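Here's a quick tour of a protein model for you. Keep the 3D view open and click on each residue as it comes up.

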Amino acid sequence: MPSDSPPAAVPAPAIPAPTLQPPPSVMALFFAFAKMSLAGFGGVLAFARRGIVEEHRWMTADEFNETYALCHFLPGPNVVNLSVVFGSRFRGTVGGIAAFLGLVGPPMVVVTILGALYMRYGEVDALRRVLAGVSCGAVGLLMSAVFKMMMPLIRRRDVAAFVVMVLVFVAIGLARLPLQLVLLVAVPLSIAITFIMRRRGTA
């Protein structure tokens, strides 16, 4: 006689975690960040994330977000801070210097040449229209990087992180509050929320 009880639910297959590659060498750090900087028209962030997380798989998406968040709260350009922190993490001081030189060196040469050309031909109307189009592309690259960095939060359905993110955006982008004041409130709040959520998860 067939049983009336419903069949047992089949558990969903576990999604394998991405396999990280071995730590890069000093030369690999230099050339990787040089490639990112030369490709990073409109900003290096999108290309840095693609190279570190997707192409070389030296970090997971969560690790990249955490490292970039740390660099965002340090003085100085965020991506430059990221290169130093990332290189130092794998190869110490020498790795940090190599990543920094790879990120800054090649664009410095290119920008110096372009600056000299702009001083001579900057008044050309066609060039101004080209630069206006490049600025639109830069905004698109920044938005794509933001959405990619949000994906780990979306997968985890981290509502608290989204609330903090929206509050910081409103405070700085709309209310025009001072950045330092917002950070003094947002950083302890974020740490407290993360601590409480992880304690609940391990309870």
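What follows goes through the aromatic rings, then one serine, then a patch on the surface. Bear in mind that this is a predicted model. The count of aromatic pairs comes to 5, and one nonpolar surface patch covers about 710 Å².

**Aromatic rings**

- Let's start with Phe 30 and Phe 31, which make an edge-to-face pair, with ring centres 5.3 Å apart and 80° between the planes.
- That label fits because an angle over 60 degrees counts as edge-to-face.
- Phe 30 is partly exposed, at 28% relative accessibility, while Phe 31 is exposed, at 51%.
- Now look at Trp 58 and Phe 86: their ring centres are 5.8 Å apart and the planes sit at 35°, so this pair is tilted.
- Where do the two partners, Trp 58 and Phe 86, lie? Trp 58 is in the loop between helix 2 (45–55) and helix 3 (61–72), and Phe 86 is in helix 4 (residues 78–121), so the pair ties together parts 28 residues apart in sequence.
- Trp 58 is buried, with a relative accessible area of 8%, and Phe 86 is buried too, with 0%.
- Both belong to one aromatic cluster, made up of Phe 33, Trp 58, Phe 86 and Phe 90.

**Ser 83, a serine in helix 4**

- Ser 83 sits in helix 4. Is it buried or exposed? With 0% relative accessibility, Ser 83 counts as buried, because anything under 20% gets that label.
- What does the side chain of Ser 83 reach? It gets to the backbone oxygen of Val 80, at 2.6 Å.
- Leaving aside residues up to four places away in sequence, Ser 83 touches Phe 33, Gly 96, Ala 99, Phe 100 and Leu 103.
- You've met one of those already: Phe 33 is also a member of the aromatic cluster.

**The nonpolar surface patch**

- Which residues make the patch of about 710 Å²? They are Leu 38, Val 109, Val 110, Ile 113, Leu 114, Leu 117, Tyr 121 and Val 124.
- Helix 4 gives the largest share of this patch, with 6 residues.
- Tyr 121, one of the patch residues, has its place in helix 4.
- Tyr 121 is partly exposed, with a relative accessible area of 42%; it falls in that class because the value lies between the 20% and 50% cut-offs.

How values were computed. Residues numbered from 1 in each chain as written. Predicted model: local features only at pLDDT ≥ 70, side-chain atom pairs only at ≥ 80, totals over all residues. Heavy atoms only, no water. Phe/Tyr/Trp six-rings, centres within 6.5 Å; stacked < 30°, edge-to-face > 60°. Buried < 20%, exposed > 50% of the residue type's maximum accessible area, 1.4 Å probe, protein only. Helix = DSSP H or I, 4+ residues; strand = E, 2+ residues; numbered from the N terminus. Polar contact = N/O pair within 3.5 Å; in protein donor to acceptor, adjacent residues only side chain to side chain. Contact = heavy atoms within 4.5 Å. Patch = residues over 30% accessible without salt bridge, like charges linked within 9 Å, V, L, I, M, F, W, Y side chains within 5 Å. Areas by Shrake-Rupley, 256 points an atom, 1.4 Å probe, with all protein chains shown as cover. Salt bridge = Lys/Arg side-chain N within 4 Å of Asp/Glu carboxyl O.
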